[in-house]
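Here is a short report on one protein chain and its ligand. Look over the sequence and the model, then read on.

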Amino acid sequence: MTNKTVYSKFANIWRQTRYSARPSKSELEIINQIVKKIKPRTIAVLGATPEFRDLGLRHSSDVVALDINPKMIREMSQLMRHKEKGKKVICDWTNIKLPDQSVDLVLSEQSLNIIPTKEWSKVLSEVRRILKPAGIFIAKIQIYQPDGRILNLDHLVSKLETGQIGISDFSSFLKYLPESTAYNRKNYVLSLKKHASLKDKLYQEGKISSKNSKIYERVFGSIFRHGLDLYVMPKDLTNKELKEFFTIQGEKYGQDFISCKFTPIYILRKK
Ligand SMILES: C[S@@+](CC[C@H](N)C(=O)[O-])C[C@H]1O[C@@H](n2cnc3c(N)ncnc32)[C@H](O)[C@@H]1O
């Protein structure tokens, strides 16, 4: 099962998931301010992210959800606040079914992270094609950046168990620990299944409580266990890919979680 189809397995539990599977409040506010300023007539979303579609509709933009999975579009539409759901186009981001220069703004919630890195250029080229000449691409992208992360297992576990960090930050830091085999530093693949196995091991060894293990299961369990892989490159390589197609106008960071600082929101202008 590939990343294009695996979402069907957990589309129905999306309401339970949290950051980092969903955008945080402060990240949404960053995007809200940009949308308020540029007043886009048309917004395309790479995926069916309910928060992004609501945001665009609130600003009276025409919103188009671009997603390969009709089931995901249906389930995500149910999580929207707006009655009006906007347009939906079923397509692959490597072949977007929209005309050239038809969109003012493209929004992307870690969409590139679910695309194998060798296909990033196809997606970026398609986004550039559909954008109008002064169009903007706002892309939230997970990056691999070991500096500044909590990289000591005992320290991470103690922070979780003493309530200093929640399950979202715990999960975000766990994958890069030396004890974790989830992230392959050579091909940039992050296996969420392996990530969940490490959590199981910590629970079996009595390092994390049953309460925290259950929260992890409820929030991330179904997503992680179905074999979704992410593609997370170091910052310099991520920037290099983006710069082939876009000018980086800025980077913003949410503040709700410590791990927000490893997930830049890139503001990109069409080259
Ligand atoms: C945007 S991503 C990441 C999830 C995100 N955090 C959110 O809030 O929507 C998830 C969506 O991408 C879709 N998807 C995955 N690969 C795709 C591709 N190659 N082309 C189009 N849609 C794709 C999936 O069907 C899923 O609905």
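The report goes from domains to sheet, helices, ligand and backbone.

This is a predicted model: local features need pLDDT of at least 70, side-chain atom pairs count only at pLDDT 80 or more, and totals for chains, interfaces and linings use all residues. Residue numbers start from 1 along each chain, as its sequence is written.

**Domains**

The protein chain is assigned domain 1 (6–143 + 234–270) and domain 2 (153–231). Such bounds come from an automatic or database domain assignment. The two centres, taken over C-alpha atoms, are 25 Å apart. In domain 1, 19 residues are in contact with 16 residues of domain 2. In contact means that the C-beta atoms of two residues, placed from the backbone, lie within 7 Å. The side of domain 1 that touches domain 2 has 10 nonpolar, 7 polar and 2 charged residues. Here Ala, Val, Leu, Ile, Met, Phe, Trp, Tyr, Cys and Pro count as nonpolar, Asp, Glu, Lys and Arg as charged, and the others, Gly among them, as polar.

**The sheet**

Helices (H or I, at least four residues) and strands (E, at least two) are DSSP runs, numbered from the N terminus. An open sheet is formed by 7 strands in the order 3-2-1-4-5-9-8, with mixed pairing. Strands pair if DSSP finds at least two bridges between them. Which strands stand at the edges? They are strand 3 and strand 8 (246–252). Each has a single partner strand, so one side of each lacks a neighbour in the sheet. From one strand to the next, the twist averages 20°. Strand 8 pairs with strand 9 (residues 265–270) in the antiparallel sense, over 6 bridges. Within this pair, Gly250 stands opposite Ile267 in strand 9.

**Helices on the sheet**

Helix 1 packs on the sheet and touches strand 4, strand 5 (131–140), strand 8 and strand 9. Its direction makes about 170° with that of strand 5. Helix 2 also packs on the sheet, touching strand 1, strand 2 and strand 4. The direction of helix 2 makes about 165° with that of strand 2. Axes are lines fitted to C-alpha atoms, for helices over the stretch in contact, and angles run from 0 to 180 degrees between N-to-C directions.

Which residues of helix 2 (residues 50–58) are buried? They are Pro50, Glu51, Phe52, Arg53, Leu55 and Gly56. A residue is buried if 20 or more other C-beta atoms lie within 10 Å of its own, exposed if 12 or fewer, and partly exposed in between; C-beta atoms are placed from the backbone. The cover over these buried residues includes helix 1 (25–38), strand 1 (42–46), strand 2 (62–67), helix 3 (70–78) and strand 4 (103–109).

**Around the ligand**

There are 19 residues around the ligand, and Gly47, Thr49, Ile68, Asn69 and Met72 come nearest. A residue is near if its C-beta atom, placed from the backbone, lies within 6 Å of the molecule. The shell divides into 8 nonpolar, 6 polar and 5 charged residues.

**Backbone details**

Three residues with positive phi are listed here.

| Residue | Phi | Place |
|---|---|---|
| Ser60 | about 65° | just after helix 2 |
| Gln101 | near 45° | loop between strand 3 (87–90) and strand 4 |
| Tyr188 | about 65° | loop between helix 6 (167–174) and strand 6 (189–191) |

Gln101 counts as partly exposed because it has 14 C-beta neighbours inside 10 Å. Tyr188 has 18 such neighbours inside 10 Å, so Tyr188 counts as partly exposed. A cis peptide bond joins Tyr19 and Ser20, with omega about 10°. Ser20 lies in the segment before helix 1.
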